[in-house]
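Thanks for coming. I will go through one chain, starting with its cysteines and ending with one helix.

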Amino acid sequence: MGACAEALEDDCKNYHVWSHRQWAIQRFDLWDEEWVFIDKLLEEDMRNNSAWNQRYFLVSKGGSHKDFTVEERNREINFAIKFINKGPNNVSPWNYIRAFVKGQKFSSFPQVSKLIDDLVPSHSGTCANLLAFIVDSHVDAGTPQRLTAAAEFCLKLATDVDQIRSRYWKQREQALRTAAAAQ
């Protein structure tokens, strides 16, 4: 594992090294040792998406569709929230949370609602990740009022905050308005 660590120091996104590292972890049952390594990498560079992927690999024990326990979900969501509070515009921990909310309701995780509430006053006009989460939480509720609110946030993303993906957000806005009107 030392050779892999050295290679990752040179190129922390080297897919082949990460792949070999995962093989070695599974083959030689090195799960426990990897936690320390991953935590160190994320502390050094919280934007290292490869390290976030490796952490997910560890939690899921190499299975991409593991049915996580409530405790696992909450632990990993809380872990990611610490990093979001350090850098709200870093997409990696937001996506990491999505992996653990997937298949559940946003309302099942009050810490996610609290995160949103805490960040809205200071970041609602600048943080696309935050607004995208607000959209998803409104969609998750599914009422016509919440779908309409989600559509409004999509419009804000398209015109003010995430203009690079404006076509995506406008398409999503239109679909949400259609869904709200159909209910």
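How many disulfides does the structure hold? Zero, where a disulfide is a pair of cysteine sulfur atoms within 2.5 Å. Cys4 is in none, and the nearest cysteine sulfur, in Cys12, lies 14 Å away. For Cys127, the closest cysteine sulfur is that of Cys154, at 15 Å, too far for a bond.

Cys4 has a relative accessible area of 9% and is buried; Cys127, at 0%, is buried as well. Buried means under 20% relative accessible area, exposed over 50%, and partly exposed in between, with a 1.4 Å probe and protein chains only.

Some background. This is a predicted model, in which local features need pLDDT of at least 70, side-chain atom pairs count only at pLDDT 80 or more, and totals for chains, interfaces and linings use all residues. Residues are numbered from 1 along each chain as its sequence is written, and side-chain values use heavy atoms, leaving out hydrogens and water.

The predictor's confidence in each residue, pLDDT, runs from 0 to 100. The chain averages 94, and 98% of the residues score at least 70. Helix α1 (residues 2-10) has the lowest mean, 90, and α10 the highest, 98.

Now helix α8, residues 128-141. Helices here are DSSP runs (H or I, at least four residues), numbered from the N terminus. Of its 14 residues, 12 are buried, so α8 is largely enclosed by the rest of the structure. Among them are Leu130, Phe133 and Asp140. The buried residues of α8 pack against α6, α7, α9 and α10, contact meaning heavy atoms within 4.5 Å. After α8 comes Gly142, with a positive phi near 80 degrees.

Methods
Helices (H or I, at least four residues) and strands (E, at least two) are DSSP runs, numbered from the N terminus. The expected span of a helix is 1.5 Å times one less than its number of residues.
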